[in-house]
Amino acid sequence: MIDAILDRALIGKDLSPAEGVVLLQQRDQQAIAQIRATADRLRQLQAGETVTYVINRNLNFTNICEQHCNFCAFRRDEGEAGAFWLDRSQILEKVADGVRRGATEICMQGGLNLKAKLQGSSLAYYQGLIRTIKSAFPQLHLHAFSPQEVQFIAREDGLTYAEVIAALRDAGVGSLPGTAAEVLDDRVRRILCPEKINTATWLEIVSTAHQQGLRTTSTMLSGHIETPEQQIQHLDLLRRLQQASLHKGYEGITEFILLPFVGQEAPKPLRRRVGRDQPVLSDALLLMAVARIFLGRWIPNHQPSWVKLGLAGAIDALTWGCNDIGGTLMEEHITSMAGAQGGTCMEVETLQAAISDLGRPYQQRDTVYRTLSAVGSR
Ligand code: SF4
């Protein structure tokens, strides 16, 4: 049965959600090997042999957050041990460090800090963050603020999503992370992140960003309480959103990133329910392969998370449909505070060497997948 499904995928047909679920439910090793080979072939056809990477610096400006997502070990209340809210000079110091180390991108997200609005308005606080960075380093691409942060600003200031996104864009944001998606199913969201935006709002904000001329990434937080049906529903919603954006002439989603759940330091109820602390690599690899097959030509770039899977796991994913190894990050809080063992910083040379060991060439890219270096190999 899966032969016919995989053959249809190889000639460029969009699979139905039911076909996607069939692929995800395979347990036979021969069938899984066929799925892997199909994903790898589609990766060759859609993205080529070269593995890309971006030199970026992660910047979390605060972990003070009004919400209490059940997987989050990063958030703090104001005044709690470990709470932080960076000031302008601390932000500039971190960005300058990134620039010294060759960063072309600052990836910036933070908790939902109700005190932001005391600096004039919430929007003014976020615009101030952007201007602080862009006035000192105008060449940097700011990949900043999740759909959840956009909704937070809009709610606090009584603005529409389009008004918030246009203002962030005009201040210097270059693209939006497609985070806060978790699993786009409201039954899952009610358990995982009950205070977060719902599925419809996430989709609305991401498509509004596309309409406002900003590209976004797309993500899925996998491997907790969701079912294969819900995983495929998530991919189907991303595919539909991307199809609609491209049909309207927008550039849409740049990439799909799978973020397997790390629960080691997560709040206890969810940790107990999931029953393990680290991702199951084989589950993540199969899901990455199925994501490549299901998203097809609509989203050509697929990235594993070395923070969550470790570098060896992420390199393995490059043979399961992924074509990009992600960023150097330089500093990572959110997943490492959850207990991930993949590290928080990756040197360019380490990424290049690992890609070369796989027998594939490498190339530096920018945030929106324009190449920045010649293709290299060792
Ligand atoms: S995941 Fe984000 S929104 Fe949720 S509690 Fe953590 S910092 Fe706050």
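Which residues of α6 are buried? The views below start from that helix in this predicted model.

**View 1. Helix α6 is mostly covered.** Of its 11 residues, 8 are buried. They are Pro 147, Gln 148, Glu 149, Val 150, Gln 151, Phe 152, Ile 153 and Ala 154. These buried residues pack against β3 (105-109), α5, α7 (161-171) and α9. Just after α6, Gly 158 takes a positive phi of about 65°.

**View 2. Helix α6 packs on helix α9.** Two packed helices are described by the angle between their axes and the distance between the axes. Here α6 (residues 147-157) and α9 (residues 199-211) pack at about 90°, with their axes 9 Å apart. That angle makes α6 roughly perpendicular to α9. On the α6 side, the contact uses Pro 147, Val 150 and Gln 151. On the α9 side, Thr 201, Trp 202, Ile 205 and Val 206 meet them. By class, the contact of α6 with α9 has 5 nonpolar and 2 polar residues, and no charged residues.

**View 3. Helix α5 crosses helix α6.** The axes of α5 (residues 122-136) and α6 come within 8 Å and cross at roughly 140°. That makes α5 oblique to α6. Ser 122, Leu 123 and Tyr 126 of α5 make the contact with Phe 152, Ile 153, Glu 156 and Asp 157 of α6. By class, this contact of α5 with α6 has 4 nonpolar, 1 polar and 2 charged residues.

**View 4. Seven strands form an open sheet.** The 7 strands pair in parallel, in the order β2-β3-β4-β5-β6-β7-β8. β2 (56-60) and β8 (301-303) stand at the edges, each with a single partner strand, so one side of each is left without a neighbour in the sheet. Neighbouring strands are turned by 25° against each other on average, direction ignored. Inside the sheet, 2 bridges join β5 (residues 173-176) to β6 (residues 215-222), and these strands run parallel. Leu 176 has Thr 216 in β6 as its bridge partner. Helix α12 (residues 281-295) packs on the sheet, touching β6, β7 (253-260) and β8. The direction of α12 makes about 160° with that of β7.

**View 5. Strand β1 pairs with β9 and with β10.** With β10 (residues 362-364), β1 shares 3 bridges and runs parallel. Thr 52 has Gln 363 in β10 as its bridge partner. With β9 (residues 324-327), β1 shares 2 bridges and again runs parallel. Val 54 stands opposite Gly 327 in β9. In a regular strand the side chains alternate between the two faces of the sheet. In β1 (residues 51-54), Val 51 and Tyr 53 point one way, while Thr 52 and Val 54 point the other way. All of these residues are buried.

**View 6. Helix α12 feeds the largest nonpolar core.** In soluble globular proteins, nonpolar side chains tend to be buried together. The largest nonpolar core here has 106 residues. Those with the most contacts inside it are Ile 106, Met 288, Ala 289, Val 290, Ala 291 and Ile 293. Helix α12 gives the largest share of this core, 11 residues. Which residues does Ile 293 touch, not counting residues up to four places away in sequence? With that exclusion, Ile 293 touches Ala 9, Leu 15, Leu 23, Thr 38, Ala 39 and Leu 42.

Key. Residues are numbered from 1 along each chain as its sequence is written. This is a predicted model: local features need pLDDT of at least 70, side-chain atom pairs count only at pLDDT 80 or more; totals for chains, interfaces and linings use all residues. Two strands pair if DSSP finds at least two bridges between them. Helices (H or I, at least four residues) and strands (E, at least two) are DSSP runs, numbered from the N terminus. Axes are lines fitted to C-alpha atoms, for helices over the stretch in contact, and angles run from 0 to 180 degrees between N-to-C directions. Two residues are in contact if their C-beta atoms, placed from the backbone, lie within 7 Å. Angles under 35 degrees count as roughly parallel, over 145 as roughly antiparallel, 65 to 115 as roughly perpendicular and the rest as oblique. Ala, Val, Leu, Ile, Met, Phe, Trp, Tyr, Cys and Pro count as nonpolar, Asp, Glu, Lys and Arg as charged, and the others, Gly among them, as polar. A residue is buried if 20 or more other C-beta atoms lie within 10 Å of its own, exposed if 12 or fewer, and partly exposed in between; C-beta atoms are placed from the backbone. A nonpolar core is a set of buried Ala, Val, Leu, Ile, Met, Phe, Trp, Tyr and Cys residues joined through C-beta atoms within 7 Å.
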